[in-house]
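Please look over the sequence and the model below before reading on. The report that follows goes from single residues to the chain as a whole.

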Amino acid sequence: MHVVSGLCSCRYLEMLLEYLQEYTDRVKPLLDQNELYGKILAEFEKKWESGMFPGWPKETSSALTHAGAHLDLSAFSSWEVSLSRSRLLTV
């Protein structure tokens, strides 16, 4: 049940992002969205790496660090999610 809920949430966010991009295209057609998103992403990565992103402090002591548990993330090449319009159409 949680998987379906998570997939629905992800789909909703993808559709919301697409809508907001198209809305911005209509309202501000001369705005370079790639440049804007590049600046936003750079600022996010800087804050994330320094542990200063609001609401997501970097944990220095958690259950995983003390228990020796490992989280296998090898299936993922990066943290980024591709939200291109062509991908959205195939989902």
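## An aromatic group

Is Phe44 buried, partly exposed or exposed? In this predicted model, Phe44 has a relative accessibility of 25% and therefore counts as partly exposed, because the buried class is reserved for values under 20% and the exposed class for values over 50%. Phe53 falls in the partly exposed class too, with a relative accessible area of 27%.

A pair of aromatic rings is described by the distance of the centres and the angle of the planes. The structure holds 4 aromatic pairs, and one of them, formed by Tyr19 and Tyr23, is stacked, with 6.3 Å from centre to centre and 25° between the planes. These two tyrosines both belong to helix α1, where they sit 4 residues apart, or about one turn of the helix. The rings of Phe44 and Phe53, for their part, have centres 4.9 Å apart and planes at 80°, so this pair is edge-to-face, given that an angle over 60 degrees is what the edge-to-face class requires. Phe44 and Phe53 also belong, together with Trp48, to one aromatic cluster.

## The nonpolar patch

A nonpolar patch of about 700 Å² lies on the surface, and the residues that make it are Tyr12, Leu13, Leu16, Tyr19, Leu20, Tyr23 and Val27. Leu16, one of these residues, is located in helix α1, which covers residues 2-27.

How accessible are the members of the stacked pair, which also contribute to this patch? Tyr19 has a relative accessible area of 46% and is partly exposed, while Tyr23, at 40% relative accessibility, counts as partly exposed as well. Leu16 is likewise partly exposed, with a value of 34%; this residue can therefore be part of the patch, because patch members need over 30% relative accessible area.

## The chain as a whole

Turning to the overall architecture, the protein chain contains 4 helices and 0 strands, and reading along the sequence gives the pattern α-α-α-α. Of the contacts between residues at least 6 apart in sequence, 53% join residues that are at least 24 apart.

Buried residues account for 8% of the 91 residues in the protein chain. The chain exposes about 8,300 Å², and 64% of this area is supplied by carbon and sulfur atoms.

How values were computed. Residues are numbered from 1 along each chain as its sequence is written. This is a predicted model: local features need pLDDT of at least 70, side-chain atom pairs count only at pLDDT 80 or more; totals for chains, interfaces and linings use all residues. Side-chain values use heavy atoms; hydrogens and water are left out. Buried means under 20% relative accessible area, exposed over 50%, partly exposed in between (1.4 Å probe, protein chains only). Contact means heavy atoms within 4.5 Å. Accessible areas come from the Shrake-Rupley method with a 1.4 Å probe; for residues, only the protein chains shown count as cover. Patches are made of residues with over 30% relative accessible area and no salt bridge: like charges are joined within 9 Å, nonpolar side chains (Val, Leu, Ile, Met, Phe, Trp, Tyr) within 5 Å. A salt bridge is a side-chain nitrogen of Lys or Arg within 4 Å of a carboxyl oxygen of Asp or Glu. Rings of Phe, Tyr and Trp (its six-membered ring) pair if their centres lie within 6.5 Å; planes under 30 degrees apart count as stacked, over 60 as edge-to-face and the rest as tilted.
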